[in-house]
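Please work through the following exercises with the sequence and the model open side by side, and try each task before reading its solution.

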Amino acid sequence: MSISTAEQRIRILPENIINQIAAGEVILRPASVLKELLENSIDAQASQISIWTEDGGKARIQVTDDGVGMSPIDAELCFERHATSKIASLRDLYSLQTKGFRGEALASIAAVAHVELFTRRHTDEIGTHIIMAFGERRLKEPVRCNPGTTLIVTQLFRQLPVRRKSLRTTPTEHRHNLQEFLRVAYPHPEIVYQYYHDDERLYYLPAQTLQERLLALHPTLSPADLIPIYEETPLFTVEGYLLAPEKTLPDNRENYLFINRRFIRHPTLQQGLWQVCKPLLRGEARPLYWIFLKIPPNEVDINVVPSKTEARLIHEVEIRQMLMSIFQKAVAQTYLGLPPEALHLPEGVSLGGELLRAVPASPAAPSPDRGSSTPGLFPSDRWAEPRHAGIESQAFLIGGRYLITAAHENGAWVIDVWRAYQRLSYEVFLQKRPLPSQGLLFPVHLPAPPPVVAAFTSWKDALTSYGLTIEVREGREIVLHTLPAGLSTALAQPLLEKLGHLAQEPPDLTAPIPWDETLPRLLHTILQTHPPRRFTLQEALSITERLTSTSNPNYTPDGQPIRLFLSREMLENLFG
Ligand code: ADP
Ligand code: MG
């Protein structure tokens with residue numbers, strides 16, 4: 001093609017190239033095909049959908065539905081780009097009731113694969129059979145077929161070798177397919193689904209309730225493991241389940257947020273929910289939820305990314321806060337009968353009035369450091385209360401370790417003070433640097449050979465920012481003069497010794513030591529091997545008071561429970 005002489009160098013691309021470019025955005029792998037076909041079947045009001053995949057969908061993907069079907073004209077049009085029956089005007093785009101709206105999926109799929117369509121409307125006697133291959137129509141003929149629609153996609157990316165090669169192994173692609181399947185199986189429990197892979201039936205899901213569907217998809221769960229969530233607010237309705245915190249699902253660690261029955265990734269909302277769940281979880285286990293939001297379509301914009309898995313919300317801030325409160329309440333009421341204030345209410349999150357009444361009134365003076373929080377919010381720092389409320393008289397310490405406190409109508413807290421102390425100590429080094437330090441009345445000493453001296457000399461500045469002031473005395477002794485504020489002075493000697501060990505075998509002399517991780521870890525090993533300390537009541541109360549400022553007041557860094565709420569029900573059970 002000579003371009004140097006021509007007057008017109010800009011050309012309008014032929015339709016089949018445009019379609020391939022569009023396909024590049026939406027069709028990345030077999031799972032993207034499956035997703036689009038499933039969404040179309042749902043939009044066609046199917047009550048039964050069957051799926052067959054072969055070789056992870058790389059060889060074949062077939063979706064059959066009993067939906068409304070298409071007329072012969074529509075059957076031909078559906079492969080055109082921007083051909084859709086779902087929106088007619090811009091206004092429709094902001095009142096979407098369907099999953100699809102771009103009219104691009106079938107055109108894109110047909111541009112990069114071999115596609116066979118059988119479709120018939122329930123009122124028609126005869127259906128339509130069309131074959132498309134890599135952007136061209138190969139066949140159109142009348143056919144006898146069931147009402148509804150079948151699409152069969154084979155030879156995906158055959159004429160795009162690079163794309164074809166970038167497909168993963170069959171198990172990997174299969175996993176992606178299953179993931180897409182779940183994303184429509186959860187929000188449409190009323191639809192009957194069958195799923196076959198390589199002729200093996202993986203799922204048969206009858207029409208179910210949401211709870212039944214979740215249990216059917218996760219046979220290891222029982223109803224008690226699902227904490228129900230339901231709330232109607234002026235801005236949205238939320239329904240769904242949270243997995244009980246002590247439960248984990250080995251096979252699935254994805255969180256499911258749906259907006260108007262569409263799977264959505266919304267980091268802002270999801271981080272909020274994570275914040276609520278985190279204190280309840282052991283170690284690294286993630287929260288797991290299936291949350292379905294119903295929001296008026298004109299307050300949601302789905303037209304953000306081609307995959308339609310992101311959304312912009314007009315009332316994002318409000319929805320986030322309300323959702324966090326709702327979560328809080330559901331978790332609190334179900335999990336060990338915990339009163340809601342036991343969980344951290346992040347700043348700016350309020351609880352509903354109904355809940356406030358359900359919780360026995362406490363003489364809630366807001367703690368001084370939260371003084372700036374908005375009036376009317378639930379006081380979030382329960383452990384700051386005893387001082388103001390004079391609850392000391394009602395606190396008991398058993399064996400110098402277990403503190404029973406804050407007893408009220410519905411129960412009392414039992415705190416393992418030794419573990420609380422571990423959590424607090426562990427977090428001292430996680431604060432923002434430079435850490436304030438406290439001088440040691442009796443500095444601690446460590447004899448040191450030259451390599452250790454050299455290591456400490458190079459660490460000196462870094463350690464100072466963590467509240468650890470080091471002196472290298474006469475080239476053969478290390479003296480530790482300060483500890484970060486809040487750390488017990490009893491830990492000075494073991495900590496210096498641990499640092500001494502580290503200096504003898506520095507992991508890599510050239511790389512700087514990641515103190516952020518190393519110091520908490522050293523401290524943690526010290527505390528784990530330390531015999532439990534006995535505490536006085538005053539110490540126990542002060543530790544308990546500071547516990548709420550930690551990132552997780554419920555578990556130690558290695559996942560041991562720190563406190564539990566001894567509820568009235570538990571006592572009743574205990575006494576039979
Ligand atoms: P969109 O879903 O965005 O409208 P598609 O390319 O996915 O675009 O589909 C184009 C049109 O084809 C749809 O608007 C619909 O009218 C029709 N269609 C596709 N799949 C089906 C189906 N399974 N049953 C009935 N009609 C369908
Ligand atoms: Mg579609």
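## A buried acidic residue and its sheet

Aspartate 416 has a relative accessibility of 6% and therefore counts as buried, since the cut-off for that class is under 20%. The model examined here is a predicted one.

**Exercise 1.** Determine which residue forms a salt bridge with aspartate 416, and decide whether that partner is buried or exposed.

*Solution.* Begin with the charged atoms: aspartate 416 forms a salt bridge with arginine 401, and the closest N and O atoms of the two lie 2.8 Å apart. Next, place the two residues along the chain, where aspartate 416 belongs to strand 18 and arginine 401 to the loop between strand 16 and strand 17, a separation of 15 residues that links distant parts of the chain. Finally, consider the accessibility of the partner: arginine 401 has a relative accessible area of 17%, and because the limit for a buried residue is under 20%, arginine 401 is buried.

**Exercise 2.** Describe the sheet to which strand 18 belongs, and explain why strand 16 and strand 22 each have one side without a neighbour.

*Solution.* The order of the four strands is 16-17-18-22, in an open sheet with antiparallel pairing. Strand 16 (396-398) and strand 22 (563-567) stand at the edges with a single partner strand each, so one side of each has no neighbour in the sheet. On average, and with direction ignored, neighbouring strands of this sheet are turned by 25 degrees against each other. Looking at one pair in detail, strand 17 (residues 402-408) and strand 18 (residues 411-416) are joined in the antiparallel sense over five bridges, and isoleucine 404 has valine 414 in strand 18 as its bridge partner. Two helices can then be added to the picture: helix 13 (residues 417-428) lies across strands 16, 17 and 18, at about 60 degrees to strand 18, while helix 17 (residues 537-547) lies across strands 16, 17, 18 and 22, at about 65 degrees to strand 17.

**Exercise 3.** Work out how the buried residues of helix 1 are arranged around its axis, and what covers them.

*Solution.* First list the residues: Asn19, Ala22, Ala23 and Val26 of helix 1 are buried. Viewed down the helix axis, the buried residues fall within an arc of 110 degrees, so they line one face of helix 1. An α-helix has 3.6 residues a turn, so residues three or four places apart point the same way. On the other side of helix 1, Ile21 and Glu25 are exposed. The cover over the buried residues includes helix 2 (30-43), helix 5 (105-112) and helix 6 (161-165).

Conventions
Residues numbered from 1 in each chain as written. Chains lettered and ligands numbered in written order. Predicted model: local features only at pLDDT ≥ 70, side-chain atom pairs only at ≥ 80, totals over all residues. Heavy atoms only, no water. Pairing = 2+ DSSP bridges. Axes fitted to C-alpha atoms, helices over the stretch in contact; angles between N-to-C directions. Contact = heavy atoms within 4.5 Å. Buried < 20%, exposed > 50% of the residue type's maximum accessible area, 1.4 Å probe, protein only. Arc of directions from axis to C-beta. Salt bridge = Lys/Arg side-chain N within 4 Å of Asp/Glu carboxyl O.
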